[in-house]
Amino acid sequence: MSGFDRISGDVRSAAQTAGLALALLLSSFAEAGAQGALSLSSPDERNVVTVGIVDGALVYAVERDQRKILLPSRLGFEFRNAVALADGLEIVSSEPHARDEVWEQPWGEMALVRDLHNELRVTARETAEPGREVAVVFRAYDDGIAFRYELPEQPGLGEFEIMDELTEFHLADDPRAWWIPANDPTHRYELLYRSSPASTIPEVHTPLTLETLDGPVIVIHEADLVDYAGMNLTGSWERRLSVTLPAWADGVKVRGRTPFVTPWRTIQMADRAADLVPSTLGLNLNPPNAIEDVSWIEPMKYVGIWWGMHINTVTWGSGPNHGATTENTTRMIDFAAENGFGGVLVEGWNVGWDGDWIANADLFSFTEPYPDFDLPALAAYANDRGVTLIGHNETSMGVTNYENQLDDAFALYESLGIRALKTGYVGDETAEGHAHHGQYMVRHWRRVIEAAARHGIMLNVHEPIKDTGERRTWPNMMTREGARGMEYNAWGREGGNPPEHHTILYFTRLISGPLDYTPGVFDILISSSDGAPREPEESRLRTTLAKQLALYVVLYSPLQMAADLPENYEGQPAFQFIRDVPVDWELSATLGGKIGDFVVVLRKDRDGPDWYLAAITDEEARSFDITLSFLPEGEDFVAEIYADGEGAHWLTNPLPVAISTQAVDAASTLTLQLAPGGGQAIRFRPAE
Ligand code: NOJ
């Protein structure tokens, strides 16, 4: 498969698009006194972006269904050692384009993605010396608006240092924002979401999901972040969200040289939260697949030597409880092979973990195993059993140490047939003081993705840069953390992730792309830790067991872990669901959902006729009637149902799971009953 198969194409006439564009002029723009404003509408004509000059500044505004979404909002840059490129501008040209094509993903939430948009490239120039030019390319899709800056090569602008990007998102009203703070570098996106009026938010990460009272749900994010700092947003009482960029050690935000393009700034819009996911806007804004042969890139489920470190039954470092021994890993490979898992993650296999591994980042070796871990023999044994070892490179933000070893390490893994790697960046900033999510690190991550692609390695990045759709170009960039995942249930100070957490993640973090949450812990009370179940106020899971199953369908990841210790799956009929559930989908749809309350997700297996349905809830019990009209007409199916059992409750009685089967077809309706903090997972397979 090429990964970028053009299935249909239709480039509409530029003149037609331009005519449409010029016919639309936003009222808010006229009010702001804009001269000669240009407009661009989405193919369904519901989303409109208008751009023009107000008092010498380039501004844009967004409407949906004639309702104001963004009021005129500023664009521009401040530089070090050069005047800002923001004022005294005039529009000198505009160029329309349009595209309608369908491309195929090597893997994902759906096989085919349609890229249907209208585009307008607007060039502005300073009216006074030095007469610098900046172009802003706008795209209007049916699911949102995107724009990015292009700084063309020109005499007045060569090498530059951006100190501030002046882009604003001036919200027309004060929606409810779902956010995590960005000024908390120690947590690297690993925070519980909060919600408050957008006008009150501090500096926050994107994607930022905004619920308007009577209008669309909006998500502000970015796409195609290649050589720039990650974008944060800072609120203001005037509802002007402004861009804030994490810095290099010397305070510069972005270094570059013309010709230069920024990432896309995206404003996704949907009538209801359920229509936001799965989101393809960011994927469509990334360049096509750059990897010619993608046959080695295979989504898979995996197990690993991992949870034991977090619940303190084994250690990363050497000693009597060392987790990554040859013996433990052999057992884990056997468990994976017997249960159809594709990979075995091994953490703590390499020298460097002893002592304070966060402070001593430079002591990590990425090629030297601990003496009790026989790397070549284990890699070969895994391959013999049809499994790959998943290597682990914790850098502790020792980026120079890592880059110095990157080629040797990746060549070694390739030679051993290790096809996947988990990387980690625990640490606030680099030793030199570059921000975790700044341009320095963005460049580093891209280097790692490209090096991994050269060596046939799939990546799962922890403490990552947020997802901006790079998997389209680099489909070996499979999944990442970038959220408060399962491990917080082992040791998170707040007692673990609350029942609503996953119903928020779905409409926030998951909009950017796959999440390595590592679901599937059956030992909800973490008794394996020291033999005693944890008390309600201690760290523990705050879901029912059935909800753990549902998370496999809800929280999409092409590398999906069964996180618990193998002994906790023994004798558990519910484990069959984890064995069965696919990780690659032909279709995905959100059947219903409310941010922070519940989600109902439907997916169709990409490699077979099965469908999967899952629902999760917060601390409220809920029930849903679902008509199975998605099943092929006239065909008999069996529903394998994993529901919360009698009396299940996330806090007091999390374990009961009721497993049943039922004959169904497209005319059937199922009633899903979810316990407080519960969930339900259903596999539909053709009747024999
Ligand atoms: C944090 C990661 O999220 C976790 O999965 C990993 O085990 C530790 N860092 C150690 O690298």
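**Reasoning about a ligand shell and its aromatic rings**

Colleague: Which of the 14 residues around the ligand come nearest?

Modeller: In this predicted model, Glu 347, Glu 394, Lys 422, His 462 and Glu 481 come nearest, out of the 14 residues around the ligand. By class, that shell is made up of five nonpolar, three polar and six charged residues.

Colleague: What makes the approach of His 310 to the ligand a polar contact?

Modeller: An N or O atom in the side chain of His 310 is 2.9 Å from an oxygen atom of the ligand, and a pair of such atoms has to lie within 3.5 Å, so the approach counts as a polar contact. Glu 463 passes by the same rule, with 3.2 Å between an N or O atom of its side chain and an oxygen atom of the ligand, and so does Glu 487, where a polar side-chain atom lies 3.0 Å from an oxygen atom of the ligand. On its own the ligand has 300 Å² of accessible area, and the protein covers 95% of this.

Colleague: Why is the pair of Tyr 506 and Phe 507 called edge-to-face?

Modeller: The ring centres of Tyr 506 and Phe 507 are 5.1 Å apart, and their planes stand at 85 degrees; since centres must lie within 6.5 Å for a pair, and planes over 60 degrees apart count as edge-to-face, the name follows. Both Tyr 506 and Phe 507 are buried.

Colleague: How do you know whether His 221 is buried or exposed?

Modeller: His 221, which is found in strand 17 (residues 217-223), has 7% relative accessibility, and buried means under 20%, so His 221 counts as buried. Along the chain, His 221 and Gly 282 are 61 residues apart, while 8.5 Å separates their C-alpha atoms.

Colleague: What makes Arg 472 a charge that sits over the ring of Trp 103?

Modeller: Arg 472 lies over the face of Trp 103, at 3.8 Å from the ring centre, and the distance has to be within 6 Å, so that part of the test is passed. For Arg 255, whose charged end sits over the ring of Trp 248, the distance to the ring centre is 4.9 Å, and this too can be set against the limit of 6 Å.

Notes:
Residues numbered from 1 in each chain as written. Predicted model: local features only at pLDDT ≥ 70, side-chain atom pairs only at ≥ 80, totals over all residues. Heavy atoms only, no water. Phe/Tyr/Trp six-rings, centres within 6.5 Å; stacked < 30°, edge-to-face > 60°. Buried < 20%, exposed > 50% of the residue type's maximum accessible area, 1.4 Å probe, protein only. Lys NZ or Arg CZ within 6 Å of the ring centre and 35° of its normal. Near = heavy atom within 4 Å. Polar contact = N/O pair within 3.5 Å; in protein donor to acceptor, adjacent residues only side chain to side chain. Areas by Shrake-Rupley, 256 points an atom, 1.4 Å probe, with all protein chains shown as cover. Nonpolar A, V, L, I, M, F, W, Y, C, P; charged D, E, K, R; others polar. Helix = DSSP H or I, 4+ residues; strand = E, 2+ residues; numbered from the N terminus.
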